[in-house]
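Thanks for coming, everyone. Please bring the model up on the screen, and we will walk through it together.

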Amino acid sequence: MYVLIAGGGKVGFYLAQELLQSNNEVLILEQDAGRVAAITEELGENVMHGDGCEATTLDAAGVARADLVAAVTGDDEDNLVVCEIARSRGVPRTIARINNPKNELLFKRRGIETTISATHAVLSQIEQELPTGEMIPLLQMHSGLELVEIKLPETSPVSGRSVREVLLPPESLISLVVDPGGVPRIPSGDTRLNPGDALVVVTRRESSPLLRQALIGSTHGLDT
Amino acid sequence: MNILIMGCGRLGARIAMLLDEQGHSITVIDTNASAFRRLPEGFRGRVTVGNGMDGTALEKAGIQSMDAFFAVTQGDNRNYFASQLAREVYGVKRVLCRIYDPVREGIFRDLGLETFSPTSLGAGIMVDMLLKGAVPSKGS
């Protein structure tokens with residue numbers, strides 16, 4: 001399979017590495033010359049310097065014979081444009097990484113497969129400690145359910161309470177509690193929640209503002 | 001008509017002015033509040049700060065009741081993205097977008113958008129000016 005990857009960030013890099021290991025032909029398109037040099041050192045000549053949103057760059061990369069184009073830059077609008085140009089050149093399959101989960105509908109309407117970048121969420125978590133009071137989407141499930149991670153701030157309205165006492169939006173479930181020491185536990189009704197705990201919660205996508213309110217407390221971000 | 005203009009640069013502000021003068025109901029959205037200084041004095045339309053690629057911001061600007069949408073930011077990809085959002089998700093009937101890159105403009109036009117490339121149009125006009133002495137009209 002010939003796979004063109006637009007965007008040589010972490011997602012693009014690891015995707016290319018995986019695909020090369022399983023004997024596919026891969027070319028990464030990357031705009032940043034320094035990044036191109038770094039990738040060349042790791043992966044050899046499987047990277048080209050250029051803007052994947054430019055039709056001429058895609059043509060030079062042989063887009064017309066690509067079996068798959070994966071647009072995995074950090075900008076959803078760029079990923080959309082890459083996929084549209086690729087399809088106009090006859091590429092049978094295009095996949096876009098979506099950075100803002102709200103954009104999923106548009107890509108769906110345009111007939112482009114999407115992936116919410118869980119890789120990215122996980123990687124960014126390894127690299128930097130999750131700030132408290134943040135809700136990070138980990139995974140979108142087709143059933144309309146979503147997996148999110150929430151780190152309880154000092155001011156959390158649920159701190160000191162047991163799981164049983166916490167009122168969550170419908171069809172939401174605290175499925176994992178990781179204490180500040182990094183020890184994961186599957187919570188029971190008696191498990192006490194403390195500031196600094198990281199919770200992995202299953203919820204309905206539309207309930208996430210309510211979930212944030214219940215666990216983090218602040219209404220900040222409700223309208224974003 | 002209810003018209004939403006995304007991007008209050010020179011082109012966006014000018015379109016807003018012309019359509020406002022003709023009595024249309026105009027809303028201008030820009031990420032930068034200082035961009036609204038380009039609107040003429042006495043502009044009767046509405047302005048709203050926000051990112052036109054964000055559905056929530058578009059809804060705040062009243063996208064659901066718009067008859068037309070102009071995407072005229074500096075970014076081709078942003079304009080394309082917002083145009084498709086207006087058309088595919090919010091069902092706006094007329095969606096017009098500026099695309100600087102003539103190649104991309106052609107592709108987006110083939111996908112059904114009403115596109116405009118000042119690059120290819122401007123180049124044609126300036127070549128005509130040189131070779132035919134044609135003077136472009138200022139427009140209304």
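Which residues touch the most other members of the largest nonpolar core? They are A:Leu4, A:Ile5, A:Val69, A:Val82, B:Leu4 and B:Ile5. That core holds 67 residues. Helix H4 of chain A, residues 76-88, gives the most to this core, with 6 residues. There is also a second, separate core, this one of 14 residues. Its members include A:Val148, A:Leu152, A:Val158 and A:Ile216.

Before going further, a word on confidence. This is a predicted model. The predictor gives the complex an ipTM of 0.85 and a pTM of 0.67. For chain B, the mean pLDDT is 93. In that chain, 96% of the residues reach 70 or more.

Back to one of the core residues, B:Leu4. What is B:Leu4 in contact with, leaving aside its neighbours within four places in sequence? The list is B:Thr27, B:Ile29, B:Ala61, B:Ile63, B:Met66 and B:Phe69.

Now the strands of chain A. Start with strand E1, residues 2-6. E1(A) runs parallel to E2(A), and 5 bridges join the two. You can find one facing pair by eye: A:Ala6 stands opposite A:Leu29 in E2(A). Next, E2(A) pairs with strand E3 of chain A, residues 47-49. That pairing is parallel too, over 3 bridges. Here A:Ile28 stands opposite A:Val47 in E3(A).

How does the chain get from E2(A) to E3(A)? It crosses through helix H2 of chain A, residues 33-43, and this β-α-β crossover is right-handed. E1(A), H1(A) and E2(A) make a right-handed β-α-β unit as well.

On to the loops of chain A. A:Asn23 sits between helix H1 (10-21) and strand E2 (25-30). A:Asn23 is not a glycine, yet its phi is positive, about 65°. Is A:Asn23 buried or exposed? It is exposed, because just 8 other C-beta atoms lie within 10 Å, and the cut-off for exposed is 12 or fewer.

A:Glu171 is another non-glycine with a positive phi, about 60°. Look for A:Glu171 in the loop between strand E8 (145-151) and strand E9 (173-178). A:Glu171 has 12 C-beta neighbours inside 10 Å, so it counts as exposed.

One more loop residue: A:Asp190. Its loop runs between strand E10 (184-185) and strand E11 (198-204) of chain A. A:Asp190 has 9 C-beta neighbours inside 10 Å, so A:Asp190 counts as exposed. Which residues does A:Asp190 contact, beyond its neighbours within four places in sequence? A:Ser162 and A:Arg164. Then consider A:Glu165. A:Asp190 and A:Glu165 are 25 residues apart in sequence. In space, C-alpha to C-alpha, they are 8.8 Å apart.

Last stop, chain B and its helix H5, residues 118-132. How far should its 15 residues span? At 1.5 Å a residue, 21 Å. The end C-alpha atoms are 20 Å apart, so the model agrees with the expected span. H5(B) is hardly covered: the count of buried residues along it is 0. Just after H5(B) comes B:Gly133, with a positive phi of about 65°.

That is the tour. Let's take questions.

Methods: Residues are numbered from 1 along each chain as its sequence is written. Chains are lettered from A and ligands numbered from 1 in the order in which they are written. This is a predicted model: local features need pLDDT of at least 70, side-chain atom pairs count only at pLDDT 80 or more; totals for chains, interfaces and linings use all residues. Helices (H or I, at least four residues) and strands (E, at least two) are DSSP runs, numbered from the N terminus. The expected span of a helix is 1.5 Å times one less than its number of residues. A residue is buried if 20 or more other C-beta atoms lie within 10 Å of its own, exposed if 12 or fewer, and partly exposed in between; C-beta atoms are placed from the backbone. pLDDT is the predictor's confidence in each residue, from 0 to 100. Two strands pair if DSSP finds at least two bridges between them. A crossover is right-handed if, with the strands pointing away from the viewer, the path from the first strand over the helix to the second runs clockwise. Two residues are in contact if their C-beta atoms, placed from the backbone, lie within 7 Å. A nonpolar core is a set of buried Ala, Val, Leu, Ile, Met, Phe, Trp, Tyr and Cys residues joined through C-beta atoms within 7 Å.
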